[in-house]
Amino acid sequence: MATATLVRRMGTAVKQAAKKGPSGGGWYDPHMAAASRAIAERIPLVDLVLEVRDARIPLSSEYEQLRDYTSSSRRIVVMNKMDLANRSQIKEWMGYFGQQNCISYAVNSHNKQNIKEFLNFLQARVRELKKTNPYSYTTTIMLVGIPNVGKSALANALHQIGRISAAEKGKLKHAIVSPHPGETKDISSLKIGSHPNVYVLDTPSVLPPEILDDEVCSKLALTGSIRDCLVGEREIAQYFLAILNLSDEYKKWEKLTVNKDDRTFLDPKAECLSSPQLGKKQKRQYPTDHTQDFIVHDVRRTLFESISSFHGNMEDEKNLSRLIETQFTSLLEAFRIPTEVGEEAQNKVAAKLLDLYRTGRLGHYTLDAIPRHTQWPF
């Protein structure tokens, strides 16, 4: 595998941090251990358990505590962030989970229509539960998951849409949402339905004390479930570039064009960069803001040109490493980073590149492959 050495280095860094414990940067501190126990105690008491996973890594983002959870009718695997994953693979993953006798649903917690549909799905499940226990007037749904799968964003979205649907008044509550993993510290309750009353419990994120598989470590680092500092942003960014280089995602950027006088325009058929601003008065451009369309355009164009003009065998680790090194250098110009910054310049490229990947600006990737012949533990 062309990424073997990179994956091994990342896995080693994560495992070393885990062995050192919280004092050495590890994630499994006393608070996470206490949260794990509290969640385990409550799981038998709730009506439904929503295991929130990252749709980009539907297996690697499993919540390990639920492996021995036997009630398939009361557990739903929710693949959140479906907008960041390879869309053509979502249905395949739902089919896979169905074959494992596991209910699943794909969702984008930032899409209101998608949340409405998901809420209707949950209400149908609640009605099914009421048939077995008609005397229960309140239904509780617990959200569990590892860091940064979007549990709190999903809880807030369900709360907001659910209250509007029920025409309820009063101040909206909010679960804490953060781009940094592990920010939810306590179990919070949010109402998402009335008649019957339905509450969702947002819980702290929990990772197992150690993660043994190097590939799982690497994927968790890339998607932000493990803090960047445990592996290093440059290492993680190199891993992303390796994945991009070995995929066909870059081919979608072939139609990007360059206007020498104004580099903000592109072929209207090119993916994702069409904007209501095109053809109108342009927004003011800020070269230091890497999220602006004209910067993203240049980053995509730079990556496309570097990959399409590379004639080495990318399945060979040395060749792939050489390409990635070239791309880091080329991206300095695309991101408008002065070369005299030196070593820090490479770190800035890595940070900006990771941010664009994690927000879906550099394509949609499903990093886990569907198992064909092996039984994955649920």
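Is Met-10 buried or exposed? In this predicted model, Met-10 has a relative accessible area of 0%, which is under the 20% cut-off, so the residue counts as buried. Met-10 is found in helix α1, which covers residues 4–20. Beyond its neighbours within four places in sequence, Met-10 touches Ser-218, Ala-221, Val-231, Glu-235, Ile-236 and Tyr-239. One of these partners, Val-231, sits 221 residues away in sequence, yet the two C-alpha atoms are 5.9 Å apart in space.

Two of the contacts of Met-10, Ser-218 and Ala-221, lead naturally to helix α6, where both are listed among the buried residues. Helix α6 is largely enclosed by the rest of the structure, because nine of its 10 residues are buried. The buried set consists of Asp-214, Val-216, Cys-217, Ser-218, Lys-219, Leu-220, Ala-221, Leu-222 and Thr-223. What do these buried residues of α6 pack against? Their partners are α1, the strand β1 (48–54), α7 and α10 (343–358).

Both ends of α6 can be described as well. At the N-terminal end, Asp-213 acts as a cap, with a side-chain oxygen 2.8 Å from the backbone nitrogen of Glu-215. After the helix comes Gly-224, which has a positive phi near 90°.

The stretch leading into α6 also holds a residue worth a look. Ser-205 belongs to the loop that joins β6 (197–202) to α6 (214–223). Although placed in a loop, Ser-205 is buried, because its relative accessibility is 9%. The side chain of Ser-205 forms a polar contact of 2.7 Å with the side chain of Lys-151.

Attention now turns to the cysteines. Cys-217, one of the buried residues of α6, has a relative accessible area of 0%. Cys-102 is buried too, because its relative accessibility is 8%. How many disulfides does the model contain? The count is zero.

Helix α6 also takes part in the second largest pocket: α6 and α7 (233–245) each contribute at least two residues to its lining. This pocket has a volume of about 390 Å³. Its lining is made up of 19 residues, and those nearest the centre are Ile-243, Leu-246, Ser-247, Thr-366 and Leu-367. By character, the lining comprises eight nonpolar, six polar and five charged residues. Helix α6 thus appears in two settings, packed against neighbours such as α1 and contributing to the lining of the second largest pocket.

Conventions. Residues numbered from 1 in each chain as written. Predicted model: local features only at pLDDT ≥ 70, side-chain atom pairs only at ≥ 80, totals over all residues. Heavy atoms only, no water. Helix = DSSP H or I, 4+ residues; strand = E, 2+ residues; numbered from the N terminus. Buried < 20%, exposed > 50% of the residue type's maximum accessible area, 1.4 Å probe, protein only. Polar contact = N/O pair within 3.5 Å; in protein donor to acceptor, adjacent residues only side chain to side chain. 1 Å grid on protein atoms, 1.4 Å probe; cavity = no way out; pocket = protein on both sides within 12 Å on 5 of 7 lines; lining within 4 Å. Points joined across faces, edges and corners; volume = space filled by probe spheres on them. Nonpolar A, V, L, I, M, F, W, Y, C, P; charged D, E, K, R; others polar. Disulfide = S-S within 2.5 Å. Contact = heavy atoms within 4.5 Å.
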